[in-house]
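User: Please examine the structure below. I should like to know how each structural label attached to it is justified.

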Amino acid sequence: MEQIKNDQTGTVTVTEVDSSSSSMSTAMNEKTLTRDDINDLVTQLERSTKRAELIQSTEKGSTSAKNPVYVEWHGINYSISTENKKSWLNKFGDSDSKLETGKNVRNIIENIHGCANPGEVLAIMGPSGCGKTTLLNLLGDRVGSKGVQGTLALNGHKPTKNSKRFIAYCTQDDIFFPQLTVKETLSYTARLRLPREMSRHDKLNQVENTMALLNLTKCADTIIGDQRTRGVSGGERKRANIASELLTDPSVILLDEPTSGLDSSLALELTKILKEFAVKQKKTIIMVIHQPSSQVFESFDKLMLMADGHMVYFGERADVVNYLADQGFKCHPNFNPADYILELLNDNTIKQKLISAYAHKVRDDPTGKQIVEKYSLRSRTDNQLGNNVLNAPVTSERRWEATFLQQVSVLTERTFKQSRKVILSRVNLYQTIALAIICIVIWLQIPFAESNISDRVGSIFFCGVFWSFHPMIGAVSSFPLDLVMLSKERQSRSYRLLSYYLSKQIAELPLVILSPLIFTIPVYWASNLLPDFGRFIAYLVVILLGTVTSQSFGYFFGATLLNVQKSMIVSMVFMLASMLLGGFYIKHLPTGLNWIKYLSFIKYSYSLLMQIQFDSPKAQFRCAGPGELPAGQTSMCDIGDSPMSSISGISILNSEGLNDLPWYVNLIVLLGFCIVARILAYYSLRKNSRRNKE
Ligand SMILES: Nc1ncnc2c1ncn2[C@@H]1O[C@H](COP(=O)(O)OP(=O)(O)OP(=O)(O)O)[C@@H](O)[C@H]1O
């Protein structure tokens, strides 16, 4: 804290008061500063006041201050199997969730303990690869139970599924929908995750305040972006990630390297914000941090040091320098302790020495329970929160903050905004228009004549198949690309899987049918298909149904394989097989294999389109005159006994073998394919998302 005095000569004296001391009479350093220094200080003071005001404004509706959470963990071990691939035979009988100790098991972290109190910041530090993120994942219940041993407790209770509502996790990688702006991203998060009792207006206010707090207001309307589309800067992205977690009013905030990518002043500002949140709203903050500046380091309350998956230190941040000095490693007073610690832990000999020293320190307390108790606020009688509060189970009666309908509506809006820019991209629009022009030129006003029947049939087949191909390619990547986001949001209990799945269907339906609509309307009339409005509508409906059915198959492959490349290959093979069996290329299948064509959904849509165009009294085709048919081809009019002047559409349908099923059966089966593929896609997604959690 600074006190500023201005004397009559214009010289300014600033007195620094060590506010961490209990007594105001402690060391006061006086120094003379210039006007520039004063301006800087005034700016800092203003920023600090603004920060305090904004933090206070986010307290409205905040429940975390009423639900402080004390986190403790001891005896934590995590190991993984290093066996790359097992033969399918070896997989049998491998249902045990515990990994047996042996040569195929690698211990990632061993015998880790610690605790984090409400109102405090705990920093976890250590060299790269020492297991910091793994520990944070375990604390955030992001690992599953396989290979995990030890105890994790929230206010002394085992975490339940609903405890996750109180824990926010800021991952190292910022996961976002690239086409949404910062404000949109945060608004959707607020609408999904803030208590349903809060009005929408209050939720959006909270978004504004959080953006102001994290200095995001100026980029509020900029899209997040990705490698292909430029969006906000790396630092803004990082802050947006933190904002989206802070916004949800959690009691515990886990942050994995929140300051990476930020300049030193932003890093300091961010740690001050987190610290203030911790103190004012009794939040428990645990952060993994790489190389904090000395000011950032000083803002931590507790510190945990790790090396090679082992503990090196746990305790007060202020005591670490003395602890290291006791081990023979004295930090020079002018050095940043954080830099010094990392230097020590990157030296193999010193690291081993410090690991052994800590193991020796806790030799009588193998799981670290007693040491955790020593630093726990719960075990202290003078804690201001009261033990009743710190013993309260961390659970909520509600699994989700937003109701099912709210989830569907928010997610539909979000998916629509995100997908709109992808599905209705300019490239797609130009492609549709260009293709429509080509088709119009090729099939302009096809005459109702025998010699042009094959052109007419070809145009119908092409349009039907093209609009069954196109959406499948987009749909296969839909779930695999959403997977990381889906998993992050489901981990934090933002919504049900069913809400997400339904919203995807609703939002993408109008988008996916727009291109076939733009294409089919002009091409139908320009190519002179049956000039009957009713038939035109029926034709359009079948084209759109084919589009939606192929989208369903795309969803199914994507949700089952969850890999864009694999899903693309499988869907291509499926599509080509369906096209071959559709009834255009192959009319006579080998004996015994005739049934196989009924597996192709293209067969039903193509048969329907042909029935609409040919099964009508208006569908009459003038017989070919001499020389109108290719050499060697006999006119259909010459086949019977009586002379004919025209050929009926129905006879063409029969000769093409497309009238084996009535139109309504074709329609029902096509609808059935569409619905069943969507249901199967949902179950595949559910199964895969459960497997992901394990
Ligand atoms: N599921 C896993 N499969 C294979 N190795 C793993 C897995 N999880 C963690 N590891 C390994 O465990 C070690 C610790 O990883 P972790 O990400 O926790 O380190 P870290 O301390 O956070 O590193 P950094 O600071 O570089 O992010 C690494 O060597 C990592 O490769």
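User: What makes β5, β4 and β7 strands of one open sheet?

Analyst: In this predicted model, the three strands follow the order β5-β4-β7 and pair in the antiparallel sense. Pairing requires at least two bridges between two strands, and β4 (residues 71-81) has eight bridges with β5. One of the bridges joins Glu 72 to Cys 115 of β5. β5 and β4 therefore count as paired.

User: Why are β5 (105-116) and β7 (148-154) said to stand at the edges?

Analyst: Each has a single partner strand, so one side of each lacks a neighbour in the sheet. From one strand to the next, the twist averages 15°.

User: Which strands does helix α3 (residues 132-139) lie across?

Analyst: Helix α3 lies across β4, β5 and β7, and runs at about 115° to β4.

User: What makes Lys 132 one of the residues around the ligand?

Analyst: A residue belongs to this group if its C-beta atom, placed from the backbone, lies within 6 Å of the molecule. Lys 132 is listed around the ligand, as are Gly 131, Thr 133 and others, and therefore satisfies that cut-off. Helix α3 supplies the largest share of the shell, three residues. By class, the shell has three nonpolar, six polar and one charged residues.

User: How do you know that the buried residues of helix α10 (residues 337-345) line one face?

Analyst: The buried residues are Pro 337, Ala 338, Ile 341, Leu 344 and Leu 345. Seen down the axis of α10, they fall within an arc of 125°, so they line one face of the helix. They pack against several elements, including β6 (121-125) and α11 (348-361).

How values were computed:
Residues are numbered from 1 along each chain as its sequence is written. This is a predicted model: local features need pLDDT of at least 70, side-chain atom pairs count only at pLDDT 80 or more; totals for chains, interfaces and linings use all residues. Helices (H or I, at least four residues) and strands (E, at least two) are DSSP runs, numbered from the N terminus. Axes are lines fitted to C-alpha atoms, for helices over the stretch in contact, and angles run from 0 to 180 degrees between N-to-C directions. Two residues are in contact if their C-beta atoms, placed from the backbone, lie within 7 Å. Ala, Val, Leu, Ile, Met, Phe, Trp, Tyr, Cys and Pro count as nonpolar, Asp, Glu, Lys and Arg as charged, and the others, Gly among them, as polar. A residue is buried if 20 or more other C-beta atoms lie within 10 Å of its own, exposed if 12 or fewer, and partly exposed in between; C-beta atoms are placed from the backbone. The arc is that of the directions from the helix axis to the C-beta atoms.
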